[in-house]
Each structure stands twice: as structure tokens, then as C-alpha cells.
Amino acid sequence: MKILGHYIDGRIQPGEGRTKPVFNPALGELICEVAMASAEVVSRAVAAAEAAFPAWRAMPPLKRARILFRYKVLLEENADRLVAAIVKEHGKVWEDAQGELARGIEVVEYACGAPEFLKGEHSRDVGPEIDSWSEFPPLGVVAGITPFNFPAMVPMWMFPMALVCGNTFVLKPSEKDPSTAMILAELLSQAGAPPGVFNVVNGDKEAVDALLVDPGVKAVSFVGSTPIAEYIYATATAKGKRVQALGGAKNHAVVMPDADLDAAANALMGAAYGSCGERCMAISVVVAVGQELADELVRRLTSKVESLKIGDGATKGRDMGPLVTAEHKEKVSTYIRLGKEEGALLVVDGRLAPVANGPGYFLGGTLFDHVTTEMRIYREEIFGPVLAILRVETLAEAIDAVNSHEFGNGSCVFTRDGAVARLFSDAVQVGMVGVNVPLPVPVACQSFGGWKRSLFGDLYAYGPDAVRFYTRRKTITQRWPRGGLERMQFAFPSNG
Ligand code: NAD
């Protein structure tokens, strides 16, 4: 059986010791084993990144950007290979994997603007013959720890921006679908990144814990579930590291009685069931305003959920693939059972779909109506193809539901009324808002992040926030006096 190793110092390094199995979730078959890095392997990767840092930092930003230009071309040339790896290990459908890769490449494109966004801030004549400016040098070695659900895009939220800012990088991808990260590393070397600039250590908690305490790691970017995000934030900040830790979500779509119902129902299908609901921006709750609208929406959604085209994502034209692992399928099935026990109306039961009998970790789309805010299926992140309908009477109640939830990643409203859209955008306590846009994932020149327990830390991923996260401000105040002795001055310097 093939054992996937690590990518350290510009080459693949074999794994030693513990391994974990990697499955093709559409077939339920073992693909390979992946090495679990020990603390010693992690420290080797950090050492390689530390050794590569001085020369990489000294390289002009334009030259680093040129490597990323070449990287973009290579990513596009190798798109099918990357998409095939994503589909095989994650299970999402081909077109969805193409979309994920495209959004990752957009971050590489944005990163190519480094000479512009690293040029600093200059103030001339801040005092007599005194100029002052701010520079944005890199931090050093930074680490990324990423989830299974976007094996290409989420690592690419991090390392293109970190690298172009002059840092070197150690990535710990998800152990459930590790192959994509290895291809990303190989292509970056081909594009001209020197050895040690970008490293991949495969592994689990042991590798993560080693990164969190390694004094060589200056900052940690994490994306994953909320309990782990909170743990990463607490542990790494206690070690003096800069941390951004993006967590879980329960994204609400509010549908107003005046909405274009056909458009809203179609949008909700993709947002709830795309990628089998395994997206941090997936819509998992529809807040239907008014009983009449709720009845009509449930009627339309029911027939659409029942006719989802489900199967192996390697065959094009499918709507939905399997869940990532057998354990995750079991967890989602348990939530479906729980929702019924809690008294929600199970309108479509994905456990009864023919695909759910295997092989593979498939479940059909599931729809619950008459869900209430006390139910666990409402409060907790299920991360599967399960959509809950919460019925309310007013927009105020809908906004209150969004704001009372523990998570605050994204939320959207479907309406034809601009005033409602404006009020909703102002009032909801989430990081990303959509108006008639079900998945308001910001583009690469914005930044991505949530509020409340969906993000620990201050700065969002990619875009302008990433420039701030991966650099440290240094302000220089300079004077070249023309003759004359400096007189002693004991008052605090000012222009007064
Ligand atoms: P996860 O939290 O289980 O794993 C994420 C990473 O943390 C993996 O690399 C994993 O190896 C590591 N990890 C797991 N347990 C650990 C532990 N006890 N100690 C240290 N490290 C540990 O998440 P997942 O199941 O891979 O991904 C799904 C979750 O990610 C969902 O909650 C989803 O909402 C979230 N997510 C959030 C965003 C966002 O932008 N907010 C984006 C994508 C996914």
C-alpha cells in the first residue's frame, strides 16, 4: 500500500511511524495510507522553512510575484490532475472541485499584486527635515492548518499571500484528503520557489500540537471546526504567536414574502446541498417569513430535494457526491434521527435514498420543516445535506434568530425590497452578508471571515487582511539635519 509522506525542503520525504488510511468516499475503498508526522518531522520542516527565510525575505517582492505568476499558469495547466485528486479523496462533484480550484487561483492572482500592496506608507515633512514611513516586513515561518472540505482552496487562502509577503510556510493539511496539498507543493517548486519556502507535513493532532509550540513558528492560520479553532487560538497565542482561527458555522437564509421564489428555491438548493452540505458557507437554515411563504417554499424544495442527482463526482453532471467518511455519514444520520425525536417534521429523509445503501458514504438530501431554535439540529453544525426550515412571522424575528445563534459566519436575505435588504445587512451580526446571493464568499480582493464563534482572532483570511496578518508594521522616522549641533531637548518631541 502506498504511503503518502511529507514535502520538506523542496522534495517528497517518506513518512516514518504512524499512518492513517485515506478513502475514496464514493466507492468506500481504501486509496492509500498517509504518514502522521511526529514532532521531530515537524521540527525538521520548520527548520527547513527557517533556513529558507533570509534569502526569500530578501528577494524583491516583484520576483516573488513572478514565481506566483508562473504558479498560476502551472495550476491551470494541471487543473484536471488537481480536480481529480480533490474528487477522489473528498468526494465533491467534478464541477464543484473546479470551482474550488478557481477560487484558490484567484488568491494567487491577487498575491501577484505584492509590489503594490507591500510598498508601505510614506509621510514627508512630519517635522523639520523629518520624514517618516511604515514598512511591512514578513514575520518569518508561518503555519497553516486546514480542514478536509476544501483541500485546494483553503490552503490557497493562506500560503500565496504569506509567501508573497516574504514569509516561508509549513502547511498541515487534513489527513482525510492529503494528496491535493502534495501536488500544490510540487507545482510551487516547479514554479521556482526555492527549497524550504513551502513545506507540507501530513499528520493529525500530534503534528498540529508540535507546530503550535515550536518557537520557530511566528503565526498560525487555522480553518476548521469551532472547538479546534478555539483550542488553536488559546494554545498558540499563549506561546506569543499571531493567530487567526476560522471555525464552524450555521448559516441562515432569510426568505421574505416578496422574494422571487423560483430564484430563491434554486439558489437554496445549491447552497444547502452543494458539496453535500460540507461547506462552512453552506445554508443549513432557511428562515421563512410568513406561513404562506413557508408552505410554498417547502413544497418547491421538496420536489427538488427528491430529484437531486447523487453519485460519484468523477462522473460529470452530478449535483451531489458522498460524505467524506463513513464516520461522518454516521454522524449526519444520527442528527437526522435526532431531529425526528426532537419533533421536527422530516419532509425528506436522506437515509431512505437508494444511494444511501452504498457502496460509498452517500446520503440523500434531507429536509426538516417546523424546526425550532431549541432543537440540537438547529443549534449545532451538522455539516451534511440537511436543511432546516425555521418559520417566523416578521423580519425582526428572523434577524433575531441569526443574531442569537452561536455562529456568525454568513447569512443572506432573499427579497425584492431594497430597504429590507439594507436593514438586514446593517443588523445581522455575521461577517459575510448576501442579498439575493446565497453563498456570499468574498472575492480575493476582499477578505473572508466570520463573527462570534466562527472566528477567533481579528483579521480575516486572504485579501487586504492577509497583508496585515502576514506582515508586521515597522515605522521609521528619519532626519538628515543640514549643519548645526543638535540642541538638548527635554520636552516630548512635537510640532507644537
Ligand atoms: P477539524 O476541526 O476536525 O480539522 C481541521 C484541522 O485540524 C485538520 O487539519 C485536523 O487534522 C486538525 N485537528 C483535528 N482535530 C484536532 C485536535 N484535536 N487537535 C489539533 N488539531 C486537530 O475540521 P474538519 O472536519 O476537517 O472541517 C470541517 C469544519 O471546518 C467545519 O466545522 C467547517 O465549518 C469548518 N470550516 C470553516 C471554514 C471557515 O472559513 N470558517 C472553512 C472551511 C471549513
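The exchange below goes through a predicted model, from a helix pair to sheets and domains.

Reader: What makes α1 oblique to α8?

Author: Helix α1 (residues 39-58) and helix α8 (residues 205-213) pack at an angle of about 45 degrees. Angles under 35 degrees count as roughly parallel, and 65 to 115 as roughly perpendicular. The angle of about 45 degrees fits neither range, so α1 is oblique to α8.

Reader: What else describes the packing of α1 and α8?

Author: Their axes are 9 Å apart. The crossing is right-handed.

Reader: Which residues make the contact?

Author: Helix α1 gives Ala 39, Val 42 and Val 46. Helix α8 gives Glu 206, Ala 207, Ala 210 and Leu 211.

Reader: How do these residues of the contact divide into nonpolar, polar and charged?

Author: There are 6 nonpolar, no polar and 1 charged. Ala, Val and Leu count as nonpolar, Glu as charged. Glu 206 is among the contact residues, so Glu 206 is charged by that rule.

Reader: Why do β6 and β23 stand at the edges?

Author: The sheet is open, with 3 strands in the order β6-β7-β23 and antiparallel pairing. Strands β6 (121-127) and β23 (474-479) each have a single partner strand, so one side of each has no neighbour in the sheet. Neighbouring strands are turned by 20 degrees against each other on average, direction ignored.

Reader: How do you know that β6 and β7 pair?

Author: Pairing needs at least two bridges. Strand β6 and strand β7 (residues 130-135) have 4 bridges, in the antiparallel sense, so by that cut-off they pair. One bridge joins Gly 127 to Ile 130 in β7.

Reader: What makes β1 and β4 edge strands?

Author: Each pairs on one side only. Their open sheet runs β1-β5-β4, and its pairing is mixed. Strand β1 covers 3-4, and β4 covers 19-24.

Reader: How do β4 and β5 pair, and what packs on the sheet?

Author: Strand β4 and strand β5 (residues 29-35) pair in the antiparallel sense over 6 bridges. Phe 23 stands opposite Leu 30 in β5. Helix α3 (residues 79-90) packs on this sheet and touches β4 and β5. The direction of α3 makes about 100 degrees with that of β4.

Reader: Which domains does the assignment give, and how many residues are in contact?

Author: The domain assignment gives domain 1 (3-247 + 454-476) and domain 2 (251-435). Their C-alpha centres lie 31 Å apart. In the contact, 21 residues of domain 1 meet 26 residues of domain 2. Contact here means heavy atoms within 4.5 Å.

Key: Residues are numbered from 1 along each chain as its sequence is written. This is a predicted model: local features need pLDDT of at least 70, side-chain atom pairs count only at pLDDT 80 or more; totals for chains, interfaces and linings use all residues. Side-chain values use heavy atoms; hydrogens and water are left out. Axes are lines fitted to C-alpha atoms, for helices over the stretch in contact, and angles run from 0 to 180 degrees between N-to-C directions. Helices (H or I, at least four residues) and strands (E, at least two) are DSSP runs, numbered from the N terminus. Angles under 35 degrees count as roughly parallel, over 145 as roughly antiparallel, 65 to 115 as roughly perpendicular and the rest as oblique. A crossing is left-handed if the near helix is turned anticlockwise from the far one by less than a right angle, and right-handed if clockwise. Domain bounds come from an automatic or database domain assignment.
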